[in-house]
Every structure is written in C-alpha cells, then in structure tokens.
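Grab a pencil and work through these exercises with the model open beside you. Each task comes with a solution that goes step by step.

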Amino acid sequence: MSDRLSIQTNRAENVNPSEFRMLAQRLKEEHVQMREQLSDIRTLAAALYTLEDCSIGMCRLIELQDGILSLVEELEQHSEWEEGVLFPSLQTYLHPTMAISVSRSMHVLEQDHDLAKRVVQSYVNGVNAMSLPIDMDFVHVMASELLTACLILLKHFTLEEELVYPLIDRIMDQIEDQIS
C-alpha cells in the first residue's frame with residue numbers, strides 16, 4: 001500500500017516541490033474561504049424560519065441569491081483550477097494505480113458538485129419567479145432549497161478534503177524527506 005502511495009520521482013512531469021506546496025496551500029485556503037461563505041449563507045438562510053414579516057423575507061431571499069451565486073461562481077473557478085492544475089499535478093506524484101483510483105473518486109465527488117448546482121438553480125428559479133404577495137411558506141421552501149444546496153456543498157468539500165488532504169500531506173512529507 002505504501003508503495004502505491006509513494007511519489008514517483010522518476011516521472012519527468014512532476015511539479016517542482018515548492019510549486020506543489022503553493023498548490024496545496026491554495027487549495028486549503030480556498031476551501032476555508034468557501035466554507036466560511038457557506039456558513040454565513042446557512043446562518044442567514046436558517047434565520048428565515050424565524051421571520052415574521054414576509055417583506056423582509058423577500059429581501060433576504062434576494063440577498064441570499066446574490067451570495068450563493070457569487071459562491072457558485074467562485075466554486076466554478078476553483079473547480080476549473082483543481083481539474084486543470086492541482087489534480088494533474090497531484091497525480092504526477094501518485095503510482096498509476098492510485099492515480100486511477102483518485103481520478104474515479106474525484107469523478108464521484110463532481111456529481112455532488114453538479115447536484116448542488118441544480119439545487120442552487122432551483123432556488124434561483126424560485127426567487128426569480130416569486131410574485132407578490134409572498135407568504136411564509138414560500139420563504140421557508142426557498143430557505144430549505146438553499147440549506148440543502150449548502151449541505152451538499154459542505155459534504156462535497158468534506159469528502160474532497162478527506163480524499164485529497166492525506167495524499168497531499170503524504171506527498172509533502174516524502175518531498176521533505178527527499179530534500180533532507
């Protein structure tokens with residue numbers, strides 16, 4: 001097992017160690033930032049259940065729409081970077097068997113990402129189609145849609161981190177061992 005997790009020093013396309021460190025750091029920083037945004041959105045969405053005034057609820061739904069759309073845009077950019085830069089760099093350090101396994105796992109994780117985007121789109125469609133007067137049931141349904149999207153995205157981040165962080169840490173340890 002450790003052989004399959006060992007870095008491949010004989011592969012010409014390996015990323016230089018300092019660049020790999022920067023990629024790993026960027027991944028972790030972006031995940032922290034997006035998790036914070038998700039937490040803020042979840043808190044505001046949950047607060048919709050305690051509102052007593054529908055007009056305030058309507059304003060908050062629109063504000064939350066702006067927030068979740070901004071987050072989804074950042075997530076798209078992040079995912080493109082992961083798929084185009086980080087994951088290919090990560091895979092150059094993995095044994096081919098492990099690289100295939102990681103690639104398959106990442107594909108499954110992308111299905112969560114796609115599901116979250118569909119739920120966000122449902123929320124956006126609902127907010128865009130709202131007509132006056134709205135009632136609290138509508139506010140609650142929209143809050144539920146948004147909370148569902150947030151939970152799916154949190155699950156996506158958690159599963160990705162559980163898969164990728166240990167690999168990155170292992171590679172970083174082995175790079176450090178080779179430098180020493």
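**Exercise 1. What pattern does the chain follow, read along the sequence?**

Solution. Before starting, note that this is a predicted model: local features need pLDDT of at least 70, side-chain atom pairs count only at pLDDT 80 or more, and totals for chains, interfaces and linings use all residues. Residues are numbered from 1 along each chain as its sequence is written, and side-chain values use heavy atoms, with hydrogens and water left out.

Step 1: find the elements, which are DSSP runs numbered from the N terminus (helices are H or I, at least four residues; strands are E, at least two). The chain has five helices and zero strands.
Step 2: put them in sequence order, and you get α-α-α-α-α. With a radius of gyration of 20 Å, well over the 16 Å that the globule rule gives for 180 residues, the chain is more spread out than a compact globule. That radius is taken over C-alpha atoms, and the rule is 2.2 Å times the number of residues to the power 0.38.
Step 3: check the outline. Along the principal axes, the C-alpha atoms fill a box of roughly 65 × 25 × 25 Å.

**Exercise 2. Work out whether Ile-168 is buried or exposed, and what it touches.**

Solution. Step 1: locate Ile-168 in helix H5, residues 136-179.
Step 2: apply the cut-offs: buried is under 20% relative accessible area, exposed is over 50%, and partly exposed is in between (1.4 Å probe, protein chains only). Ile-168 has 1%, so it is buried.
Step 3: list its contacts, meaning heavy atoms within 4.5 Å. Skipping residues up to four places away in sequence, Ile-168 touches Phe-20, Ala-24, Leu-27 and Leu-90.
Step 4: take one partner further. Phe-20 is 148 residues from Ile-168 along the chain, yet their C-alpha atoms are separated by 8.9 Å.

**Exercise 3. Do the same for Leu-71 and Gln-65, both in helix H3.**

Solution. Step 1: helix H3 covers residues 54-92.
Step 2: Leu-71 has a relative accessible area of 1%, so it is buried. Gln-65 counts as buried too, at 9%.
Step 3: beyond four places in sequence, Leu-71 touches Met-34, Gln-37, Leu-38, Ile-41 and Leu-153. With that same exclusion, Gln-65 is in contact with Tyr-123, Val-124, Val-127 and Asn-128.

**Exercise 4. Which residues does Asp-112 contact, leaving aside its neighbours within four places in sequence?**

Solution. Step 1: find Asp-112 in helix H4.
Step 2: its relative accessible area is 13%, so Asp-112 is buried.
Step 3: the contacts are Ile-152, Lys-155, His-156 and Leu-159.

**Exercise 5. Which residues does a cis peptide bond join?**

Solution. Step 1: recall that most peptide bonds are trans.
Step 2: look at Leu-132 and Pro-133, where the bond is cis, with omega about -10°.
Step 3: place Pro-133 in the loop between helix H4 (96-129) and H5.

**Exercise 6. Where does UniProt place the feature "domain: Hemerythrin-like"?**

Solution. Step 1: the unreviewed UniProt entry gives residues 25-168. Positions follow the numbering used here, feature names are shortened, and annotations may be inferred rather than shown by experiment.
Step 2: over that stretch the chain is 90% helix and 0% strand, and the end C-alpha atoms are 10 Å apart.
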